[in-house]
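User: I'd like to go through the labels on this model and hear what backs each one. Can you take me through them informally?

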Amino acid sequence: MKIKIYKNLVYIASSITKSLEDNKICVIGLPTGNTPIFLYKNIVSSKTFLKSKTFFMLDCLYPQKPEDTYSYYSFIRKNLLDHIAFKKNNFHILNSDAKDPDTECRNYEMAIKSSGGIDLAILGIGQNGHIAFNEPGTPEDSVTHMVKLSDQTRIANGGLDNIPEYGLTMGIKTIMSARKIFLLAKGKNKAKAVYDAVKGPISSDCPASFLQKHPDCTFFLDADAASLL
Ligand code: GLP
């Protein structure tokens with residue numbers, strides 16, 4: 001994996017945005033969270049042409065109405081979709097209101113495959129080393145599946161009162177199948193997770209550590225997130 005450290009991640013926003021325009025990047029995995037907001041702002045303000053791209057959100061909270069204030073659909077609408085031109089059929093998010101979550105996950109995995117697979121997955125990282133909603137303990141061969149969220153993750157996402165107990169998420173194998181991966185991390189509270197992901201043993205104790213095995217993965221870190229490296 002490549003490690004790139006910046007004083008502030010905003011400095012690289014436009015170069016990441018540019019890389020989305022690359023003709024070889026057709027299918028993009030998109031994260032939620034506070035970390036990527038600077039990137040979405042840059043994409044929107046630079047009027048990047050994304051009409052020919054296909055998007056797959058990495059995960060969603062479950063069960064939850066898509067229009068809930070805390071839903072990942074509301075997040076991506078507010079931060080990206082409401083401001084860009086895109087083809088509705090080319091935007092995918094797991095249905096947080098699905099009656100049968102297992103079928104929903106199977107269909108999502110199939111939709112990713114039939115789109116040709118993910119060219120670029122953009123990830124954040126949780127304080128416990130989770131990527132998407134793959135919490136510690138998630139096996140390396142996991143595909144899109146339902147997970148029980150840890151209290152820490154629910155609190156970080158908006159609090160135990162607002163956030164449901166489960167999530168639907170691309171698995172570790174789904175993410176590792178992406179041809180290129182960018183992981184973004186900022187802030188001191190991510191330093192330990194970043195250290196474990198980069199320097200720690202490859203283990204499901206820190207799901208992000210599996211990225212050490214990926215052939216084309218870059219970590220974009222601010223100085224605080226990189227402070228233990
Ligand atoms: C959630 C998302 C993850 C994201 C994480 C970090 O748990 N499911 O995909 O990486 O939050 O969020 P933040 O960037 O707000 O720290």
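User: Let's start with β4: which way do its residues point, and are they buried or exposed?

Analyst: In strand β4 (residues 59-62), D59 and L61 point one way, C60 and Y62 point the other way, and all are buried. Buried means under 20% relative accessible area, exposed over 50%, and partly exposed in between, with a 1.4 Å probe on protein chains only. Bear in mind that this is a predicted model, where local features need pLDDT of at least 70, side-chain atom pairs need 80 or more, and totals for chains, interfaces and linings use all residues. Numbering runs from 1 along each chain as its sequence is written, and side-chain values use heavy atoms, leaving out hydrogens and water.

User: What makes β4 and β8 a pair?

Analyst: Strands pair if DSSP finds at least two bridges between them, and 4 bridges join β4 to β8 (residues 166-169), so the pair qualifies, running antiparallel. C60 has L168 in β8 as its bridge partner. Strands here are DSSP runs of E, at least two residues, and helices are runs of H or I, at least four, numbered from the N terminus.

User: What is odd about the peptide bond from Y62 to P63?

Analyst: That bond is cis, with omega near -10°. P63 sits in the loop between β4 and α3.

User: How do you know that D59 makes a polar contact with the ligand?

Analyst: A polar contact is a pair of N or O atoms within 3.5 Å; within protein, one must be able to donate a hydrogen and the other to accept it, and residues adjacent in sequence count only if both atoms are side-chain atoms. An N or O atom in the D59 side chain is 2.7 Å from a ligand nitrogen, so the pair is inside the cut-off. K190 has a polar side-chain atom 2.5 Å from a ligand oxygen. For A132, a backbone N or O atom lies 3.4 Å from a ligand nitrogen.

User: Why is A132 called buried?

Analyst: Its relative accessible area is 10%, so A132 falls under the 20% limit. A132 lies in the loop between β6 and β7 (145-148) and has a positive phi of about 50° although it is not a glycine. K47 also has a positive phi of about 50° without being a glycine, but K47 counts as exposed, at 72% relative accessibility.

User: What puts D119 in the buried class, and what does its side chain reach?

Analyst: At 9% relative accessibility, D119 counts as buried because that is under 20%. The D119 side chain reaches the backbone nitrogen of V27 at 2.8 Å and makes a polar contact with the R179 side chain at 2.9 Å.

User: What makes β1 and β5 edge strands?

Analyst: The open sheet has 7 strands in the order β1-β10-β9-β6-β2-β3-β5, with parallel pairing. β1 (2-6) and β5 (91-92) each have a single partner strand, so one side of each is left without a neighbour in the sheet. Further in, β6 and β9 (residues 180-185) pair in the parallel sense over 4 bridges, with L120 opposite K180.

User: Last one: why is A156 called exposed?

Analyst: A156 has 57% relative accessibility, so A156 clears the 50% mark. A156 is found in helix α5, and its C-alpha is 19 Å from that of G137, 19 residues apart in sequence.
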